[in-house]
Amino acid sequence: MDDDERARVSLGSLVTSLGFSTCAFASARECLSSDFESLSCIISDIQMPDVNGLQLARMLRSRPNCPPIILITAFPRPNLMKQAAAAGAAFFVEKPLSPGILLDILSALSIKKGA
């Protein structure tokens, strides 16, 4: 999930190229109003208007059956990794995501291809 359409399409293409199914959301509110419990994981940018990625992670973690959350950012700041972990993120990664790193993360989360 990313409010920047180019970044969202690019991430979706990367995930698809690695053999995984995707569902892209333009905002946290769009994700929250979906059937997100059926997703294998959620990848979200931290810098988003309205509800940012940290807030989204906190909201999602408070719900039952929440999939693992991967937070990404192009603007890493001191303590952001700690904030991401405290918000419930399984992983925190700096943009741009390399295919190898993303594949390692999805494998560590036991996300199955096609899922």
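In the predicted model, strand β1 (residues 42-45) and β2 are paired in the parallel sense over four bridges. Within this pairing, I43 stands opposite I70 of β2. The connection from β1 to β2 passes through α3, and this β-α-β crossover is right-handed. On β2 there is also a parallel pairing with strand β3 (residues 91-94), again over four bridges. I70 faces F91 of β3 in this second pairing, so that I70 is placed opposite a residue in β1 as well as one in β3. A right-handed β-α-β unit is formed by β2, α4 and β3.

Strand β2 is largely enclosed by the rest of the structure, because five of its five residues are buried. The side chains are divided between two directions: I69, L71 and T73 point one way from the strand, whereas I70 and I72 point the other way. Burial applies to all of these positions.

The largest nonpolar core contains 21 residues, of which M1, L54, L56, L60 and L71 touch the most other members. Two or more residues are given to this core by each of the elements α2 (28-32), α3 (53-61), β2 (69-73) and α4 (80-87). The greatest contribution comes from α3, with four residues. A second, separate core comprises 16 residues, including V15, I70, L97 and L102. The two directions of β2 are thus represented in separate cores, with L71 in the largest one and I70 in the second.

The surroundings of L71 were examined further. With neighbours within four places in sequence left aside, L71 is in contact with S44, I46, G53, L54, A57, A84, A89, F91, F92 and V93. Among these partners, L54 is, like L71, one of the residues that touch the most other members of the largest core.

The cysteines were considered separately. A disulfide is a covalent bond between the sulfur atoms of two cysteines. With a cut-off of 2.5 Å between cysteine sulfur atoms, the count comes to zero disulfides. For C31, the closest cysteine sulfur is that of C23, at 8.2 Å, which is too far for a bond. For C41, the closest cysteine sulfur belongs to C66 and lies 10 Å away, also too far for a bond. Both C31 and C41 are buried: the relative accessible area of C31 is 0%, and C41 has a relative accessibility of 16%.

Conventions
Residues are numbered from 1 along each chain as its sequence is written. This is a predicted model: local features need pLDDT of at least 70, side-chain atom pairs count only at pLDDT 80 or more; totals for chains, interfaces and linings use all residues. Side-chain values use heavy atoms; hydrogens and water are left out. Buried means under 20% relative accessible area, exposed over 50%, partly exposed in between (1.4 Å probe, protein chains only). A nonpolar core is a set of buried Ala, Val, Leu, Ile, Met, Phe, Trp, Tyr and Cys residues joined through side-chain atoms within 4.5 Å. Contact means heavy atoms within 4.5 Å. Two strands pair if DSSP finds at least two bridges between them. A crossover is right-handed if, with the strands pointing away from the viewer, the path from the first strand over the helix to the second runs clockwise.
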